[in-house]
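User: Hey, could you walk me through this model? I'd like the overall picture and then the charge pairs.

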Amino acid sequence: MKRSFYQFALKYRGKVRPDDFSRFADAMFLDHSFPKSSEDFEDLSRYIEEKAHPIMKASTFDAMWEEYTAL
């Protein structure tokens, strides 16, 4: 079974020297309404564009999604 995007992104949390991925993952973790079980690009992208915290940039999501789908 493939991991959800949320589960994949958690590996970037808590870096000593934060970067865009870790800031995104930390904000995602604190967002209790984030679609944690989704593996669907359109659902996640729509959520990020419409409801997510400004730290969760669409460009960062796109870069993380590239890694997620490369697995």
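Analyst: Below we go through the fold, the surface and the charges.

Analyst: One caveat up front: this is a predicted model, so local features need pLDDT of at least 70, side-chain atom pairs count only at pLDDT 80 or more, and totals for chains, interfaces and linings use all residues. Residues are numbered from 1 along each chain as its sequence is written, and side-chain values use heavy atoms, with hydrogens and water left out.

User: Ok, how many helices and strands are there?

Analyst: The protein has 4 helices and 0 strands, running α-α-α-α from the N terminus. Those are DSSP runs numbered from the N terminus: helices are H or I with at least four residues, strands are E with at least two.

User: What's the radius of gyration?

Analyst: 11 Å, which agrees with the value near 11 Å that a compact globule of 71 residues would have. The radius is taken over C-alpha atoms, and the globule rule is 2.2 Å times the number of residues to the power 0.38. Along the principal axes, the C-alpha trace spans about 30 × 25 × 20 Å.

User: And what share of the residues is buried?

Analyst: Buried residues are 37% of the 71. Buried means under 20% relative accessible area, exposed over 50%, and partly exposed in between (1.4 Å probe, protein chains only).

User: What about contacts between residues 24 or more positions apart?

Analyst: They account for 57% of the contacts with a separation of 6 or more, a contact being heavy atoms within 4.5 Å.

User: Switching to charges: how many salt bridges?

Analyst: The structure holds 4. The criterion is a side-chain nitrogen of Lys or Arg within 4 Å of a carboxyl oxygen of Asp or Glu. One of them joins Arg13 and Asp26, with the closest N and O atoms 3.5 Å apart. Arg13 sits in the loop between α1 (5–9) and α2 (20–30) and Asp26 in helix α2, so the pair ties together parts 13 residues apart in sequence.

User: Are those two buried or exposed?

Analyst: Partly exposed in both cases: Arg13 has a relative accessible area of 37% and Asp26 has 26%.

User: Which residue does Asp19 pair with?

Analyst: Lys15, with the closest N and O atoms at 2.8 Å. Asp19 is partly exposed at 27% relative accessibility, and Lys15 is partly exposed at 37%.

User: Where do Asp20 and Arg23 lie?

Analyst: Both are in helix α2, 3 residues apart, about one turn of the helix. Their side chains meet in a salt bridge at 3.2 Å, N to O. Asp20 counts as partly exposed at 39%, and Arg23 is partly exposed with a relative accessible area of 39%.
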